[in-house]
Amino acid sequence: MRSFLKPVAGLTCLFALATAGCSAESDGTSDAKAPQRSSTAPSASVTSYAPYVSATEASDNDSAGSPSVYNLAFVIADGSDCTPSWNGTSAVNDASVTSRIGALTEDGAEVRVSFGGASGKELAETCSSAAKLAAAYGKALDAAGSSLADFDIEGDALTDADSVDLRSEAIALLQKQRSGLRVSFTLPVMPSGLDDDSVALLESANDTSVQVSTVNIMTMNYGESYDGDMGNYAITSAKAAQAQLKSVFGTSDSTAWRALALTSMIGTNDVDGETFTLSDAAQVREFAESKEVAWVSMWSTFRDQRCASGDSDEDDPLTNCSGVSQSSGAFGEALGG
């Protein structure tokens with residue numbers, strides 16, 4: 001935004017959400033004495049809808065599709081410091097953000113704090129130790145009142161092996177401190193699947209006993225040679241990634257599907273010739289439900305509206321509208337099912 005792992009002795013519960021009887025100390029096997037899956041885990045037969053939203057600004061389209069979880073974008077480093085901030089501009093405990101989170105959750109939805117993204121520095125690139133990094137992540141989660149952490153790792157942060165390993169150590173430490181913390185990784189994908197850097201990140205998490213609930217693939221921005229049907233590309237990418245996860249972690253088809261999530265960039269993508277339509281959204285939702293994918297998402301609710309006429313800065317299909325003909329909230333309704 002391939003080389004594969006193989007099951008090894010000491011395999012941790014990378015898919016803790018979908019696998020019963022696992023712990024950070026287990027070898028990935030189970031027996032008749034293994035505990036049952038927690039009753040608090042969401043039903044494996046339900047694909048939820050969890051769009052990305054701005055943590056600082058409300059959109060009239062936030063509630064379209066009745067999300068069960070909102071992905072709050074994005075916590076990054078405040079400059080070069082090991083201090084978490086929303087988009088590098090607002091403190092994590094900013095009163096306006098706290099109020100916004102309260103509004104998003106007042107009808108029972110949860111919020112997931114998403115760390116990273118395409119801009120700024122992910123905290124693992126600026127913090128000097130795993131302990132300091134874990135504390136920074138924890139501060140942001142506490143401010144949001146959340147036990148759901150998403151790590152959107154792309155660009156330079158994905159190729160920086162040192163920060164990848166430091167992040168894994170910090171997340172493992174944080175999960176020891178917070179037994180209920182559920183972690184997802186959001187990673188770039190191609191129709192051919194996850195690339196070497198994404199697989200290396202998952203290997204690093206595995207080696208440090210991180211328990212990952214979900215691998216969320218960004219089905220978008222494939223490149224100039226991909227100018228065909230974006231719905232089909234999303235499904236092809238999902239099938240390739242699911243096969244990789246099954247091979248990497250030696251798990252079943254159903255477990256690998258339930259450990260997968262799909263995020264599409266609605267409307268006009270950042271690459272010329274790539275447009276994700278409302279028809280594509282309906283196609284992806286239907287496919288996700290058929291495979292019992294964990295959740296579907298989109299970038300983003302503040303783009304889920306038709307662009308106004310004119311060429312002003314307030315009418316940019318890559319930032320605040322979709323660039324396609326639609327009614328407001330239509331993508332949310334399609335992806336929400």
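Trainee: How many Å apart are the sulfur atoms of Cys82 and Cys127?

Mentor: Keep in mind that this is a predicted model. A disulfide here needs two cysteine sulfur atoms within 2.5 Å. Cys82 and Cys127 do form one, and their sulfur atoms sit apart by 1.9 Å.

Trainee: Cool, and how many residues apart in sequence are the parts that this pair ties together?

Mentor: Cys82 belongs to the loop between strand S3 (69–77) and strand S4 (84–86). Cys127 is in the loop between strand S6 (110–116) and helix H2 (130–144), so the link joins parts whose separation in sequence, in residues, is 45.

Trainee: What about the link of Cys307 and Cys321: right-handed or left-handed?

Mentor: Those two form a disulfide as well, with sulfur atoms 2.0 Å apart. The angle about the S-S bond is 90 degrees, and that link is right-handed.

Trainee: Is Cys321 buried or exposed?

Mentor: The cut-off for buried is under 20% relative accessible area. Cys307 comes in at 22%, so that one is partly exposed. Cys321 has just 2% relative accessibility, so it counts as buried.

Trainee: Which pattern do the disulfides of the chain follow?

Mentor: The count comes to 2 disulfides. Number the bonded cysteines along the chain, and the pattern reads 1-2, 3-4.

Trainee: Moving to Gly332, how far is it from Gly65 in space, C-alpha to C-alpha?

Mentor: Gly332 lies in helix H9 (residues 330–336), and it is buried at 0% relative accessibility. Leaving aside neighbours within four places in sequence, its contacts include Tyr49, Ala64 and Gly65. Gly332 and Gly65 are 267 residues apart in sequence, yet their C-alpha to C-alpha distance is 4.7 Å.

Notes. Residues numbered from 1 in each chain as written. Predicted model: local features only at pLDDT ≥ 70, side-chain atom pairs only at ≥ 80, totals over all residues. Heavy atoms only, no water. Helix = DSSP H or I, 4+ residues; strand = E, 2+ residues; numbered from the N terminus. Buried < 20%, exposed > 50% of the residue type's maximum accessible area, 1.4 Å probe, protein only. Contact = heavy atoms within 4.5 Å.
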